[in-house]
Amino acid sequence: MTVFGMFRVTPITEEDITEEVVTAIETLEEYDVDYRTNSMSTVVEADDVDELLAAIGAAHEAVPGDRVSTLVQIDDLRTKEMKACEKVDAVEDELSREAKGSRN
């Protein structure tokens with residue numbers, strides 16, 4: 001089984017939040033997950049939902065402040081093993097096929 005999660009943790013403040021976000025992301029290193037951060041969120045890949053939720057929960061708890069908002073989306077692929085990079089490759093392959101088809 002493979003489970004993917006996307007999360008965004010945001011301390012509610014008027015100050016720059018870069019340090020707090022880095023703290024949250026560094027917390028993921030303590031868990032058996034793979035992750036990739038982009039400009040809007042972090043995508044996490046784990047073998048099971050418990051590990052995924054534990055990692056995201058720890059990232060949330062690691063952010064200091066009076067108020068912290070965390071958005072989470074989970075894709076629990078229960079029927080087969082798949083890596084996040086395979087999902088991306090499938091979309092890129094299809095885009096490439098369509099681009100080649102439009103040139104003909």
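**A four-stranded sheet and its pocket**

In this predicted model, strand β1 (residues 2-11) pairs with strand β3 (residues 42-46) in the antiparallel sense, over five bridges. One of the partners to look for is Val3, which is bridged to Ala46 in β3. If sheets are new to you, here's the basic idea: strands of a sheet pair through backbone hydrogen bonds, either parallel or antiparallel.

**The sheet**

- Zoom out from that pair and you'll find an open sheet of four strands, in the order β2-β3-β1-β4, with antiparallel pairing.
- Why is one side of β2 and of β4 left without a neighbour in the sheet? β2 (34-37) and β4 (68-77) stand at the edges and have a single partner strand each, so there's nothing from the sheet on their other side.
- Going from one strand to the next, the twist averages 20°.

**The helix on the sheet**

- Helix α1 (residues 18-27) packs on the sheet, where it touches β1, β2 and β3.
- Compare directions, and α1 makes about 155° with β1.

**The largest pocket**

- Rolling a probe the size of a water molecule over the atoms shows where empty space is left.
- The largest pocket here has a volume of about 440 Å³.
- Its lining is made up of 17 residues, and the closest to the centre are Phe4, Val43, Ala84, Cys85 and Val88.
- Which elements give two or more residues to this lining? They're β1, β2, β3, β4 and α3 (84-103).
- Sort the lining residues by character and you get eight nonpolar, four polar and five charged.

Definitions and conventions:
Residues numbered from 1 in each chain as written. Predicted model: local features only at pLDDT ≥ 70, side-chain atom pairs only at ≥ 80, totals over all residues. Heavy atoms only, no water. Pairing = 2+ DSSP bridges. Axes fitted to C-alpha atoms, helices over the stretch in contact; angles between N-to-C directions. Contact = heavy atoms within 4.5 Å. 1 Å grid on protein atoms, 1.4 Å probe; cavity = no way out; pocket = protein on both sides within 12 Å on 5 of 7 lines; lining within 4 Å. Points joined across faces, edges and corners; volume = space filled by probe spheres on them. Nonpolar A, V, L, I, M, F, W, Y, C, P; charged D, E, K, R; others polar.
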